[in-house]
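Hi,

Here is the structure I said I would pass on. Have a look at it first, and my notes follow underneath.

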Amino acid sequence: MLGAGDALACSCIVDNQRSESQKVKAWYKEAIAVFYGEVTEVNRQEDSVTVKLMVSRSWKGTVKREMIIRTAQNSAMCGFNFETGKKYIVYAVGTDDNLRTNLCTRTSSSYKDAKHLNKIKKPKSFLRVSKLTTK
């Protein structure tokens, strides 16, 4: 007779009792950094994924123009699926030198949280520097 092996799956608590604004405030408080940026690179390792983003706005934390964030390798381990070229609002947990996110945070490719975040704190903008040419 064959036995079934142990199965691991990601499970997030769904909060339907609070408004979107309240949920954003709660995750803002929980996160060490909150920022919006475009994915420029995704590197998959054996058990994790390292993602590089070019940040255009930040609301919280020690955020630089270029940020590195880590997540689990797949959604079964609560890994967030970042795609190169797409933009995300990232709610990062961990430490300044080891930022992480997962499916259970509010990290999203939707920009809808920005209106709530802007009410919590005015965002810091990272302007792109263009090369000047002289004639």
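Among contacts in the protein chain between residues at least 6 apart in sequence, what percentage join residues at least 24 apart? The answer is 61%. Before you read on, bear in mind that this is a predicted model, and the values below are all computed from it.

First, the overall layout. The protein chain has 135 residues, and 32% of them count as buried. Its accessible surface is about 9100 Å², with carbon and sulfur atoms holding 50% of that. You'll find 2 helices and 6 strands, and if you walk along from the N terminus the order is α-β-β-β-β-β-α-β.

Now the strands. Start with β1 (residues 33-44), which has antiparallel pairings with two others. With β2 there are 10 bridges, and the two strands make a hairpin that has 3 residues between them. To find your way along that pairing, look for Gly-37 opposite Val-55 in β2, and for Phe-35, whose bridge partner in β2 is Ser-58. With β4, β1 has 6 bridges, again antiparallel; here Tyr-36 sits across from Ile-89 of β4.

β2 itself covers residues 48-60 and also pairs with β3, antiparallel, through 7 bridges. One place to check is Val-49, which has Thr-71 of β3 as its bridge partner. β2 and β3 form a hairpin too, this time with 5 residues between them, and Gly-61 in the turn has a positive phi of about 95°. Then there is strand β6 (residues 124-125), which pairs with β2 in the antiparallel sense over 2 bridges. Arg-57 is the residue to look at there, as its bridge partner in β6 is Ser-125.

On to the pockets, which I suspect you'll open before anything else. The largest pocket holds about 370 Å³ of space. It is lined by 14 residues, and the ones closest to its centre are Ile-13, Val-14, Asp-15, Trp-27 and Cys-104. By type, the lining splits into 7 nonpolar, 2 polar and 5 charged residues.

The second largest pocket comes in at about 150 Å³. Its lining consists of Thr-62, Lys-64, Glu-66, Met-67, Ile-68, Arg-70, Asp-96, Asp-97, Asn-98 and Leu-99. Sorted by type, that gives 3 nonpolar, 2 polar and 5 charged residues. Which strands each supply at least two residues of this lining? They are β3 (66-72) and β5 (98-100), with β3 giving the largest share at 4 residues.

Two single residues are worth a click as well. The first is Cys-78, in the loop between β3 and β4 (87-95). Most residues other than glycine have a negative phi. Cys-78 isn't a glycine, yet its phi is positive, at about 70°. Is Cys-78 buried or exposed? The cut-off for buried is under 20% relative accessible area, so Cys-78, at 16%, counts as buried.

The second is Ser-11, in the segment before α1 (20-30). Ser-11 counts as exposed because its relative accessible area is 64%, and the cut-off for that is over 50%. If you leave aside the neighbours within four places in sequence, Ser-11 is in contact with Cys-78 and Cys-104. That links it to both topics above: Cys-78 is the residue with the positive phi, and Cys-104 is among those closest to the centre of the largest pocket. How far apart are Ser-11 and Ala-76 in space, C-alpha to C-alpha? They are 8.6 Å apart, although 65 residues separate them in sequence.

That's what I have so far. Send me a note once you've had a look.

Cheers

Technical notes: Residues numbered from 1 in each chain as written. Predicted model: local features only at pLDDT ≥ 70, side-chain atom pairs only at ≥ 80, totals over all residues. Heavy atoms only, no water. 1 Å grid on protein atoms, 1.4 Å probe; cavity = no way out; pocket = protein on both sides within 12 Å on 5 of 7 lines; lining within 4 Å. Points joined across faces, edges and corners; volume = space filled by probe spheres on them. Nonpolar A, V, L, I, M, F, W, Y, C, P; charged D, E, K, R; others polar. Pairing = 2+ DSSP bridges. Buried < 20%, exposed > 50% of the residue type's maximum accessible area, 1.4 Å probe, protein only. Contact = heavy atoms within 4.5 Å. Areas by Shrake-Rupley, 256 points an atom, 1.4 Å probe, with all protein chains shown as cover.
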